[in-house]
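Biologist: Could you pull up the model so we can talk it through? I have a handful of questions for you.

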Amino acid sequence: MAGAVAVGVVSDTTKAYIDAGAKINQATGTAGNAQTVTVQAQGDTLSIDVAGGVAVGGSNAIGGSIDSLTLSKTTSAYIGQNALVGATGDVTVAADQATHAISVAANIAAAGNAGVGASLSVLVASSLTQAYIDGVVTTNGDITLTADSDTTFVQVAGQISAGGSAGVGGALGVSVLDNVTKAYIDSDGETNVKGKTTISASGKEQEYAAVVAGAGGGSAGVAGSVRVGVHTSTTQAYVAGKVNQNADYSLSGQNVDIDADSFVRVVSVTGGLGGGGVAGIGAAADVIVLRNNSNAFVSGGSVVSAHDDISISATSEKQLLQLGVAGAAGGQVGVAGALTVAFVGGIIDDDAKSRLSSNDDDNSGDTWSAADTATNKNLIGSALGDREEATTANTAAGAQRSKNQITDDFNATAEASRNDTKAFVGQGATLIAGQDVSITSADTSKVIAGTLAVAGSGGVSVGGGITITTVDSSAQSYIGNLASVDATRAVSIQAASHDSVINAAAAGGGALYTAINGSVAITTLLSDATAYIGDSAKVNQDEDITDGASQDVVIDAKSDSNVVTVSGAAGGAIVGIGAAANVTTIAKQTNAWIGKNAKVDAARNITLDASSDDNLVAVTVSVQGGLVGAGGTAAINTIVSDTAAKVLEGAAINANGSMRVQALSDVELDDISTSVAVGGAALGGVVSVNTVSATTEATIADGAKLNILGNGSGISIAADGGSRSDSTETALAKTTQTNDDDSTLTVSAIDVDRSTLTRNSKTITGLAVVARSDQDVTALPISAGASAAGALSGVATVNVIAGSTLAQIGTGAVINAVNAGASDNQDVLVAAYDSTDLSTVPVTVAVTGTGPAVKCCGCNQCYCQNPVGQNGRHGIGQRRHYSFCHFGSGSWQCFGKWRDKCACRA
């Protein structure tokens, strides 16, 4: 018997600050131009924990290893409330934290009779990194306010067990990460700067994990691995006070940048491999939860000014590569199962919870509770005695473990679960820029998840792979209700959501007698992109600000998604049975609007755009062979897309140039479902259901007032027609992680093909209200059976395309009532275009040797052809014109008044 335990606890606070009420450089007189003020806090942590055990016995061996690492970090840099700070040069307030942690738990157990072992790795970390100003700061240079956090985890849990009779091994990995990164000017903060004001928060998280168990025995080998990872991060950059309200500091080069940037990458692999002379069992399960919020904003009631530009930007990118592998081999029985579950911002529903829970009343439990139990263990105990240091370490570790329990994450509501990326101007806030105002948000999710289960046996093999992936993301950019924004050039409000998902499940098996295998891939993508000007907001309404000739207002919401799902099952035995299921749901909302009673003016053009692009490729395959081969596939694909560009009730809009209100939607769905069964008797079937519902609207509501004069060169709008082309998109870029020992971990780039629609366009001067919707659905269900005795193959496919395309100017809307100075080419266009392509090609093949071939297809009919031109056409076993087809004596025959030839007609 052997065991190893390694425990690490880090509780660290780093602060640098100018306290409340302090005065810096407030004396009279002139300082040199190089006078600077710097407040900097930096906290770096490197932790390497390794627990290893080896147990070898002549009869039995039992071994285990546990590694537990707990980290809690706070890094703060700030200028306190009512402090007075001045400088002729730059003022910098920066908080930086970097954490790099490696946890390894490995164990080997081997014996002549039985080898039993387990390994456990637990990583728990939380950090707060913040930089802020809550006092008064003036400088002739720049203000740089930054918070930067960088966290990297490497987790390995491995177990090898071997015994002359039995080997049993298990590996468990748990990681919980909660990061908060904030840079802000607080409510009592006030800054005046002649140069650039930068408020930047950056949060970066990376985790690379492998949890693998292997077991072998003369009779039985049982191995299982489980990993649970939960990442929660919040990144914020904002102004809650006042910026640049002293006109003496308003000079060329005065800019304000507010930027929040969040990046998360997780690479996770789990494996379970079991082999035995009689039975081999292997299982692997991986559960990952990513919740990520990135916000940049000017809060309600705040005032921000700049001689030149004001930029508010929030970006978030999530990358996930997840793989679960299970293998099993046994002389009589082989069982392999792999499960991966990923929630990238999505709510964990009851179906997913049921797959992560035990249904055995005598052994009830669930994965998240087990993970909490593992993280909450006090592994320090009394090992350090009763010294003060031991008590402090125990208290810190206990508080951290309690704070980072994950049960609440699994029970979170939908609103609390989604990934939220926002850039906005809060209710009642004021922005004034001498040039441009830019408010942008971009949310990107790149997910690749898969399972592979392979089982082999001299008797019976069972293999199953299940992959469940949910992505729920949101990008929002807006000017809030009652807010006021003025810029002499452009006011730009843009929100973009980008999603790329590859989801795969595969299972295979071979056995002498019976092989049973199945795969299930479940993919859910929920996404919204929203850009708007809120109710009663004012844009370019300050009469004291001179409008520039290039003054535009841009409101743009854009979303694109590329989803590839694959589910496959293959097996062979005397009796080979398998099935593959693929369920995909995409639900999206893309909206851009100008709110009720809002006032918006532009010296040139106004564009209000909402565009959505969805591309889904679903492949479902089952191949089975044996004396009896039976296989089937089921695919259910649903896309619901709502796209709208709207001017709401009571809005007042004036443009000297042109205005575009445009909603564009493009949906492409390709479904390939195949079932192949080969054997003495073969049975194959395919069920395919595809549904597309697209609502696309461009509207001007009742009571809105628009004066669009049509001067200038006009704007481009979508027209009817266009073409499609194929392009390549990088789903996951090549990445290389360099470890502290100079070793590297490389993940190769993964590219996927997607279809791009290029629409025809034209130019208009004046007002254009355009809605265009394109749907392209291709379904290719294939069922084939080959048998020496009897083969039956069938296809059932249902394809539904339902949608609405609307372009409208509502009742009571007033267009061009004030028309002084209008162009001679002033136009008003209201246009709606819809294009729908549906291609369904069901294929059934039944091939037989000595036995009958039975072919059933929902698109085929049997009929009797007679010499006098009378045609009795009907389904199998039905009668019409006294002539019908009947299967008997090994062939199709005609019965009735006319008897000539029985045939099948598509």
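Biologist: Which residues have the most contacts inside the largest nonpolar core?

Modeller: Keep in mind that this is a predicted model. The largest nonpolar core has 85 residues. Those with the most contacts inside that core are Ile479, Ile533, Val647 and Met659.

Biologist: And how many residues does the second, separate core have?

Modeller: That core stands apart from the largest one, and among its members are Leu320, Ala342, Val501 and Leu525. Its size is 19 residues.

Biologist: Back to isoleucine 533: which residues is it in contact with, leaving aside neighbours within four places in sequence?

Modeller: Isoleucine 533 is one of the residues with the most contacts inside the largest core. Its contacts include Trp593, Gly595, Ala598 and Val600. The rest of the list is Ile479, Ile493, Val539, Val553, Ile555 and Ile594.

Biologist: Zooming out, what share of the contacts between residues at least 6 apart in sequence join residues at least 24 apart?

Modeller: The protein has 906 residues, of which 54% count as buried. It holds five helices and 48 strands. For the contacts you ask about, the share joining residues at least 24 apart is 85%.

Biologist: Which strand gives the most to the lining of the largest cavity?

Modeller: There are three cavities of 30 Å³ or more, and the largest has about 40 Å³ of space. Strands E4, E6, E7 and E10 each supply at least two residues of its lining. With three residues, the one that gives the most is E7.

Biologist: How many charged residues are in the lining of that largest cavity?

Modeller: The lining includes Leu71, Lys73, Gln97, Thr99 and Asn179. By class, three of the lining residues are nonpolar and six are polar. Lysine counts as charged, and the lining's charged count is one.

Biologist: Threonine 181 lies in strand E10. Is threonine 181 buried or exposed?

Modeller: Leaving out residues up to four places away in sequence, threonine 181 touches Thr129, Ala147, Asp148, Ser149, Ala201, Ser202, Gly203, Thr234, Thr235 and Gln236. Its relative accessibility is 1%, and the cut-off for buried is under 20%. Threonine 181 therefore counts as buried.

Biologist: Which side chain does threonine 181 join in a polar contact of 2.8 Å?

Modeller: Serine 149 and aspartate 148 are both among the residues that threonine 181 touches. The polar contact runs side chain to side chain, and the partner is serine 149.

Biologist: Where does the side chain of asparagine 192 reach at 2.8 Å?

Modeller: Asparagine 192 sits in strand E11, residues 190-193, and counts as buried because its relative accessibility is 5%. Residues it touches include Thr138, Asn244, Asn246 and Tyr249. At 2.8 Å its side chain reaches the backbone nitrogen of asparagine 246.

Biologist: What is the C-alpha to C-alpha separation of asparagine 192 and valine 137?

Modeller: Asparagine 192 touches Val137, among other residues. The two are 55 residues apart in sequence, while in space they are separated by 6.5 Å.

Biologist: Last one: is threonine 638 buried or partly exposed?

Modeller: Threonine 638 is in strand E31, residues 606-647. It touches Thr584, Thr585, Ile586 and Thr691, not counting residues up to four places away in sequence, and its C-alpha is 6.2 Å from that of threonine 584. Because its relative accessibility is 22%, threonine 638 counts as partly exposed.

Methods
Residues numbered from 1 in each chain as written. Predicted model: local features only at pLDDT ≥ 70, side-chain atom pairs only at ≥ 80, totals over all residues. Heavy atoms only, no water. Helix = DSSP H or I, 4+ residues; strand = E, 2+ residues; numbered from the N terminus. Buried < 20%, exposed > 50% of the residue type's maximum accessible area, 1.4 Å probe, protein only. Contact = heavy atoms within 4.5 Å. Polar contact = N/O pair within 3.5 Å; in protein donor to acceptor, adjacent residues only side chain to side chain. 1 Å grid on protein atoms, 1.4 Å probe; cavity = no way out; pocket = protein on both sides within 12 Å on 5 of 7 lines; lining within 4 Å. Points joined across faces, edges and corners; volume = space filled by probe spheres on them. Core = buried A, V, L, I, M, F, W, Y, C linked by side-chain atoms within 4.5 Å.
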